[in-house]
Amino acid sequence: MRRPVRGRRLLAAGLVVLLALTGCGAFGPEPGPAGAGDGEQPRYGQAPAPGKDVTLQPDVVLVGGGSRTVRSVSPDGLTWRLDPRARDADRLAPGRVMFLTGRGVGRVLDLAEDGGDLVVTIGPVTLTEVIRDGTFGGDDVALDRPTVYVAGEPSWTREAAAAGGTLGRSRPLAVAPAQPPPAPGGQAGATAHGYRVQTFCCAGGVGTHFTYDDGGLRLAGTVTLTVGRPAASFHLAVGAGRVNRAELEIGGGFGIKVDFTAGIDGGQNHRRTFPVPVDIAFPIGLVAGLPLSFTVSQTLEVATAFGARRGTFRGAGEYALAGKLGFGYADGRVGSRVTEGFARRASLLDSLTGVPVGVMGLVVRHGVRFTMGISAFLFTAGIWFELITSYGATIGSALGAPYALCRGVGLGVRARFGIGYRILEPVVQVINKFLSLLSPSRAPRIPPIVASGGPSWSADVYRNQEVIPPVSICGQLPG
């Protein structure tokens with residue numbers, strides 16, 4: 001009888017460790033004047049046409065021609081190949097900010113000429129590094145006509161060692177594979193860190209379906225932030241290069257949903273964390289002459305903790321969460337605006353089934369970020385709100401268990417919000433490794449980028465853990 005009890009104690013210990021991972025941690029829109037933009041769905045974004053009530057920072061260079069100036073963009077978004085004859089392209093220099101389109105904004109890290117192209121390497125910027133003075137706003141912006149932008153296969157979708165091993169010192173001067181053109185709708189497929197992902201938005205919610213199969217470890221699942229008819233409101237006031245007021249609110253009624261299947265047959269545990277290389281964008285148009293966009297981006301983390309070399313389990317759950325998401329900032333004070341309304345619709349705990357041999361555990365963490373602002377992919381900057389949902393599940397061994405099969409679930413929801421940009425640290429490491437391999441052309445050195453810019457805050461929304469049956473051998477005392 002001692003061996004089954006020991007297995008249960010291992011399950012309880014494993015549950016504590018695994019479930020700990022679930023603590024996650026004005027002017028309105030207006031159409032641009034004729035000739036100011038590039039059309040309704042320009043490939044690389046709409047061109048700016050700042051109005052008289054907006055002042056940009058003195059080192060911002062407005063490069064003319066908009067999307068028509070762009071010859072290609074590398075999948076990682078770092079390298080832009082431009083027509084050197086474009087208006088004011090000759091004013092670009094390391095340290096200045098290139099403002100070409102709503103998606104083509106960044107700090108110039110280096111410049112080079114190659115094959116008749118001007119090759120510009122950029123890094124991220126915050127809103128106040130672009131805007132010195134201006135007031136912007138929009139109410140009840142319907143998020144119902146998305147456009148998807150797929151990055152392709154940038155270096156940050158691979159492991160750092162693999163990404164670094166393929167980067168040569170002349171890489172930026174090579175003709176990079178062009179990013180795929182944007183497409184209407186919210187669905188797009190991509191690959192990242194060995195996972196195949198399929199994004200979707202917005203009927204019923206925004207989420208990602210993922211699959212992974214290396215022959216010994218197989219994972220599949222779908223994570224969704226459910227929503228009815230989403231609409232957004234925003235307000236931003238910048239004066240003398242400082243944000244005086246920032247508000248972002250997304251309504252529509254939100255919930256969270258997950259389903260997964262996991263199996264191991266001689267494989268190894270792993271942990272992967274990565275941004276999904278797809279932007280789901282809702283172009284707002286010119287707001288006080290600046291081409292702003294409402295962008296939805298996602299991150300995914302999957303970690304396995306299988307105590308045996310063979311076994312399977314699955315689960316599914318759905319929960320109501322909040323009526324609205326957002327935050328407000330004014331005069332140095334900030335507050336979350338999440339109208340909470342948590343309710344269980346379908347229990348993840350009750351759904352757990354499988355044939356475990358030993359203890360099996362899985363954590364799936366899904367981040368959905370809403371940003372009103374400028375630039376693209378990792379460099380998207382503006383007023384942002386991110387909801388990070390962590391699902392942790394464990395199931396005990398079905399062998400030698402005469403009276404109890406232990407199951408446990410941890411659910412954690414955390415909000416992050418800020419003004420600026422934020423990039424996952426592992427991704428920043430990959431990008432900086434890439435940049436360190438480059439030989440600068442005009443810059444004395446190519447500086448590394450930093451993981452975040454601008455202030456940010458966080459707040460817990462919901463956290464809970466459950467174990468069944470409620471007995472001591474499953475890690476929970478009866479009663």
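Is glutamate 340 buried or exposed? Glutamate 340 is exposed, at a relative accessible area of 55%; buried means under 20% relative accessible area, exposed over 50% and partly exposed in between, with a 1.4 Å probe and protein chains only. Before the close-ups, a word on the model: it is predicted, local features need pLDDT of at least 70, side-chain atom pairs count only at pLDDT 80 or more, and totals for chains, interfaces and linings use all residues. Residues are numbered from 1 along each chain as its sequence is written, and side-chain values use heavy atoms, with hydrogens and water left out.

**View 1. The whole chain, for orientation.**
The chain has four helices and 29 strands; these are DSSP runs numbered from the N terminus, helices being H or I over at least four residues and strands E over at least two. Of the 479 residues, 56% are buried. About 19,400 Å² of the chain is exposed, and carbon and sulfur atoms supply 51% of that (accessible areas come from the Shrake-Rupley method with a 1.4 Å probe; for residues, only the protein chains shown count as cover). Mean pLDDT is 86, with 84% of residues at 70 or more; pLDDT is the predictor's confidence in each residue, from 0 to 100. Take two stretches with care: pLDDT stays under 50 over residues 1–17 and again over residues 24–39.

**View 2. Glutamate 340 and its surroundings.**
Glutamate 340 sits in strand β23, which covers residues 340–346. Leaving out residues up to four places away in sequence, glutamate 340 touches Leu321, Ala322 and Val461, where contact means heavy atoms within 4.5 Å. Phenylalanine 254 is 86 residues away from glutamate 340 in sequence, yet the two C-alpha atoms are 9.5 Å apart.

**View 3. A six-stranded open sheet.**
Here six strands line up in the order β3-β6-β7-β8-β5-β4, with mixed pairing. At the edges are β3 (60–62) and β4 (70–73), each pairing on one side only. From one strand to the next the twist averages 40 degrees; axes are lines fitted to C-alpha atoms, for helices over the stretch in contact, and angles run from 0 to 180 degrees between N-to-C directions. Two strands pair if DSSP finds at least two bridges between them. Within this sheet, β5 (residues 79–82) and β8 (residues 117–123) pair in the antiparallel sense over four bridges. Look for leucine 82, whose bridge partner in β8 is leucine 118.

**View 4. Strand β9 and its partners.**
Strand β9 (residues 131–142) pairs with β2 (residues 55–56) in the antiparallel sense over two bridges, and threonine 55 stands opposite aspartate 133. Seven bridges join β9 to β16 (residues 231–239), again antiparallel; one pair to find is valine 141 with alanine 232. Aspartate 140, also in β9, has a positive phi near 50 degrees although it is not a glycine. Aspartate 140 is exposed, at 63% relative accessible area.

**View 5. Glutamine 57, just past β2.**
Glutamine 57 lies in the loop between β2 and β3. Despite the loop setting, glutamine 57 counts as buried, at 16% relative accessibility. Beyond its neighbours within four places in sequence, its contacts are Thr128, Glu129, Val130, Ile131, Arg132 and Gly241.

**View 6. A disulfide between sequence neighbours.**
A search of the whole structure finds one disulfide, a disulfide being a pair of cysteine sulfur atoms within 2.5 Å. The bond joins cysteine 201 to cysteine 202, with S to S at 1.7 Å. The torsion about the S-S bond is about 65 degrees, so the disulfide is right-handed. The peptide bond from cysteine 201 to cysteine 202 is cis, with omega near 15 degrees. Cysteine 201 is buried at 13% relative accessible area, and cysteine 202 is buried at 12%. Cysteine 202 belongs to the loop between β13 (195–200) and β14 (205–213).

**View 7. Two more backbone spots.**
Most residues other than glycine have a negative phi, and most peptide bonds are trans. Aspartate 331 has a positive phi of about 50 degrees; this residue lies in the loop between β21 (310–330) and β22 (333–336) and counts as exposed at 68% relative accessibility. Another cis peptide bond joins isoleucine 468 and proline 469, with omega about -10 degrees. Proline 469 falls in the segment after β29 (456–468).
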